[in-house]
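Trainee: I should like to ask for a close look at one part of this structure: its aromatic side chains. Please describe them in detail, and then place them in the setting of the chain.

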Amino acid sequence: MRDPSICQSPDGTFHMVWTSSWTDRIIGYASSRDLVHWSEQQAIPVMMHEPDAHNCWAPELFYDEPSQTYYIFWATTIPRPSQRSGYQ
């Protein structure tokens, strides 16, 4: 579990996301009411629409209270078009 990011929702639940691997296109997720006992880890697939994406890492989780929306930001390596497979 690398690069964890935790935020607390209005109901008191803590939500955590993290880097699962340097080569996967998934973000790990779990939640907790007390920061001791955690839910089962889940994988959130990201960048699946981008076939040349190499990874996703360093996710950050935020809760926007006015819109009552969670946001996850992360970094992904995608080669320049000239470096992608199939381009000449």
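**The aromatic rings and their setting**

Mentor: Phe62, Tyr71 and Phe73 form one aromatic cluster. The model is predicted, so local features require a pLDDT of at least 70 and side-chain atom pairs one of 80 or more, whereas totals for chains, interfaces and linings use all residues. Residues are numbered from 1 along each chain as its sequence is written, and side-chain values rest on heavy atoms, with hydrogens and water left out.

Two rings of Phe, Tyr or Trp (for Trp, the six-membered ring) are paired if their centres lie within 6.5 Å; planes under 30 degrees apart are stacked, over 60 edge-to-face, and the rest tilted. By this rule there are four aromatic pairs. One of them joins Trp22 and Trp57 in an edge-to-face arrangement, with 6.4 Å from centre to centre and 65 degrees between the ring planes. This pair connects distant parts of the chain, for Trp22 and Trp57 are 35 residues apart. Trp22 is located in the loop between strand 2 (14-19) and strand 3 (26-32), while Trp57 belongs to strand 5 (residues 57-64); strands are DSSP runs of E with at least two residues, numbered from the N terminus. Trp22 is partly exposed (20% to 50% relative accessible area with a 1.4 Å probe, protein chains only; buried is under 20%, exposed over 50%), because its relative accessibility is 45%. Trp57, the partner ring, has a relative accessible area of 32% and is therefore also partly exposed.

Tyr71 and Phe73, two members of the cluster, form a stacked pair: their ring centres are 6.4 Å apart, and their planes make an angle of 25 degrees. Tyr71 has 37% relative accessibility, which means that it counts as partly exposed. Phe73 likewise counts as partly exposed, because its relative accessible area is 49%.

The strands deserve attention next. Strand 5 and strand 6 (residues 69-75) pair in the antiparallel sense over six bridges; strands count as paired when DSSP finds at least two bridges between them. In this pairing, Leu61 stands opposite Ile72 of strand 6. The hairpin of strand 5 and strand 6 has four residues between the strands, and within this hairpin Gln68 takes a positive phi near 55 degrees.

The backbone shows this sign of phi elsewhere. Most residues other than glycine have a negative phi. Asp3, although not a glycine, has a positive phi of about 55 degrees; the residue lies in strand 1 (residues 2-8). With 31% relative accessibility, Asp3 counts as partly exposed. Leu35 is not a glycine either, and its phi is positive at about 65 degrees. Leu35 is placed in the loop between strand 3 and strand 4 (42-45), and its relative accessibility of 42% makes it partly exposed.

As to the chain as a whole, the secondary structure consists of six strands and zero helices. Read from the N terminus, the elements follow one another as β-β-β-β-β-β. Along the principal axes, the C-alpha atoms fill a box of roughly 55 × 30 × 15 Å. Of the 88 residues in the chain, 32% are buried. Within this setting, Trp22 and Trp57 link distant parts of the chain, and Phe62, Tyr71 and Phe73 make up one aromatic cluster.
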